[in-house]
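Me: I'm new to reading protein models and could use a hand with this one. Can we go through it together?

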Amino acid sequence: MRKKILSITGNKPMNYLLKTTLSESYSLIPADDIAAGITKLKTIGNIDLLIVDADFETQESVDLIQFLSNSSLYSKPVILLLTDQKIIKKFDQDILPHYFLKPFDPVKLIAAANKILQQQALTYVA
């Protein structure tokens with residue numbers, strides 16, 4: 001079964017880029033904002049990875065990632081997309097997500113997603 005990636009971004013071209021980049025290997029579920037992303041996370045279930053565009057709803061993105069890191073029910077790995085690296089300072093070092101500065105290399109994004117999901121699978125086996 002294909003792994004599911006939830007993409008939360010208010011930017012339709014970014015959602016399209018992520019879908020075309022990742023759809024060959026993963027099932028990509030787009031959400032237009034944090035509220036829609038949380039709803040999909042709760043209703044779809046079995047989400048394996050989140051990609052969050054922090055340039056939209058920046059504080060809400062930070063709050064979402066902090067919530068995910070503290071939740072035993074919804075704990076998921078996150079890749080953060082951003083244009084300003086200063087946003088990273090808003091995170092505690094313990095919960096700092098993987099991140100890419102835009103514009104990013106799609107090949108490197110795929111490689112990061114593969115690595116994160118492989119590590120996640122190994123964690124569940126151990």
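Reply: Sure! Keep in mind that this is a predicted model. It holds two salt bridges, and that's a handy place to start.

Me: Which residues are linked in a network of salt bridges?

Reply: Take the pairs one at a time. The side chains of Lys 102 and Asp 53 meet at 2.9 Å, N to O. Lys 102 also meets the side chain of Asp 55, at 2.7 Å. So the network of salt bridges is made up of Asp 53, Asp 55 and Lys 102.

Me: How many residues apart in sequence are the parts that Lys 102 and Asp 53 tie together?

Reply: Look at where each one sits. Lys 102 is in the loop between strand 5 and helix 4, while Asp 53 belongs to strand 3. That means their salt bridge ties together parts of the chain whose separation in sequence is 49 residues.

Me: Is Asp 53 buried or exposed?

Reply: Buried means under 20% relative accessible area. Asp 53 has just 1%, so Asp 53 counts as buried.

Me: What arc do the buried residues of helix 1 cover around the axis?

Reply: The buried ones are Met 14, Asn 15, Leu 18, Thr 21 and Leu 22. They lie on the same side of helix 1, because the arc they cover is only 135°.

Me: Which exposed residues does the face of helix 1 turned away from its buried side carry?

Reply: Go round to the face pointing away from that buried side. The exposed residues there are Lys 12, Pro 13 and Tyr 16.

Methods. Residues are numbered from 1 along each chain as its sequence is written. This is a predicted model: local features need pLDDT of at least 70, side-chain atom pairs count only at pLDDT 80 or more; totals for chains, interfaces and linings use all residues. Side-chain values use heavy atoms; hydrogens and water are left out. Buried means under 20% relative accessible area, exposed over 50%, partly exposed in between (1.4 Å probe, protein chains only). Helices (H or I, at least four residues) and strands (E, at least two) are DSSP runs, numbered from the N terminus. The arc is that of the directions from the helix axis to the C-beta atoms. A salt bridge is a side-chain nitrogen of Lys or Arg within 4 Å of a carboxyl oxygen of Asp or Glu.
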